[in-house]
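Biologist: I've got a new one to look at before I head back to the bench. Please walk me through it, starting with the strands.

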Amino acid sequence: INVGVHKILDRGGEFTTKVDANGNVKIAVKKAFVETVFNDEHFYIDEEYECELPMGKMPGVPFHKDASDSLKIAVESFVRLNGGEGAVEKIVSSYKEKDILTLLALIPRVPQLQRQILFQEISNHFPPPESITRAGIIRLDKEMLYKWWEEIEWQL
């Protein structure tokens, strides 16, 4: 499915999309997961997660449908302000275990020091398998990020 500059790849899941008057898409995944492509970059939205696909921009950060209002506000602030240390701190202070894929989605969007903080937060709940290293995640190894996403996704 092509929606503006975003491509939504149906991976056998169940999801809904809503397009607003400006062409922005909100996607909500009910079952399995959905893969989106923007500028040849792949993004994953897991079951019971929602994500904004703004027209002409990189996808937003997915969040669990039952995420707290404080987490949703912090994620929206992060996206709107293109990051920011304060936004990441607010996200880290307000997530629950079911929100862990939100933290993982943040890693490629933050500076190296914050990647280390996010790595540790995620590892506290879902230690990475041996094939995934802290150094690999910090340097944004796409294969390691995806494998860790897969490892966490099935456990949620």
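Modeller: One bit of vocabulary before the strands: two of them count as paired if DSSP finds at least two bridges between them. Also keep in mind that this is a predicted model.

Biologist: Fine. Which residue in β5 is the bridge partner of I8?

Modeller: That's T36. β2 and β5 run antiparallel, and four bridges join them.

Biologist: What order do the strands of that open sheet come in?

Modeller: The order is β1-β2-β5-β6, four strands with antiparallel pairing. β1 and β6 are the edge strands, so to speak the outer lanes, as each pairs on one side only.

Biologist: How many bridges are there between β1 and β2?

Modeller: Two, again in the antiparallel sense. N2, for instance, has K7 in β2 as its bridge partner. The hairpin of β1 and β2 has two residues between the strands, and G4 there takes a positive phi near 60°.

Biologist: And the other open sheet, what's its strand order?

Modeller: That one goes β3-β4-β7-β8, also four strands and antiparallel. β3 (14-19) and β8 (63-64) stand at the edges with a single partner strand each, so each has one side without a neighbour in the sheet.

Biologist: How many bridges join β3 to β4?

Modeller: Six, with the two strands running antiparallel. One pairing to look up is T17, whose bridge partner in β4 is I27.

Biologist: Switching topic to aromatics. How many aromatic pairs does the structure hold?

Modeller: Six. Take Y44 and W149: they form a tilted pair, 5.2 Å centre to centre with 35° between the planes. This pair links distant parts of the chain, with Y44 in strand β6 (residues 41-46) and W149 in helix α6 (residues 142-153), 105 residues apart.

Biologist: Are those two buried or exposed?

Modeller: They split. W149 counts as buried because its relative accessibility is 7%, under the 20% cut-off. Y44 is partly exposed, with a relative accessible area of 22%.

Biologist: Which tyrosine in α6 pairs with W149?

Modeller: Y146. This pair is stacked, at 6.1 Å centre to centre and 15° between the planes. Y146 and W149 are three residues apart in helix α6, about one turn of the helix. Y146 itself counts as partly exposed, at 28% relative accessibility.

Biologist: Which residues do the ring pairs link into a cluster?

Modeller: F33, Y44, Y146 and W149.

Biologist: Where does α6 lie relative to the strands?

Modeller: Across β5 (33-38) and β6, and α6 runs at about 10° to β6.

Biologist: OK, helices now. What length should α1 span, and what does the model give?

Modeller: Helix α1 (residues 69-80) has twelve residues, which at 1.5 Å a residue should span 16 Å. Its end C-alpha atoms are 16 Å apart, so the two agree.

Biologist: Which residues of α1 are buried?

Modeller: L71, A74, V75, S77 and F78. Looking down the axis of α1, the buried residues fall within an arc of 160°, so they line one face of the helix. On the other side of α1 you'll find exposed residues: D69, I73 and R80.

Biologist: What happens just after α1?

Modeller: N82 takes a positive phi of about 55° there.

Biologist: I've got my eye on K72. Where does K72 sit, and what does K72 touch?

Modeller: K72 is in helix α1. Leaving out residues up to four places away in sequence, K72 touches F63, H64, K65 and A67.

Biologist: How far is the C-alpha of K72 from that of Y95?

Modeller: The C-alpha atoms are separated by 9.5 Å, and the two residues are 23 residues apart along the chain.

Biologist: Last one, α4. What span should α4 have, and which of its residues are buried?

Modeller: Helix α4 (residues 112-125) has 14 residues and should span 20 Å at 1.5 Å a residue; its end C-alpha atoms are 21 Å apart, which agrees. As for burial, the list for α4 is Q114, R115, L118, F119, I122 and S123.

Terms used
Residues numbered from 1 in each chain as written. Predicted model: local features only at pLDDT ≥ 70, side-chain atom pairs only at ≥ 80, totals over all residues. Heavy atoms only, no water. Phe/Tyr/Trp six-rings, centres within 6.5 Å; stacked < 30°, edge-to-face > 60°. Buried < 20%, exposed > 50% of the residue type's maximum accessible area, 1.4 Å probe, protein only. Contact = heavy atoms within 4.5 Å. Axes fitted to C-alpha atoms, helices over the stretch in contact; angles between N-to-C directions. Expected span 1.5 Å × (residues − 1). Arc of directions from axis to C-beta.
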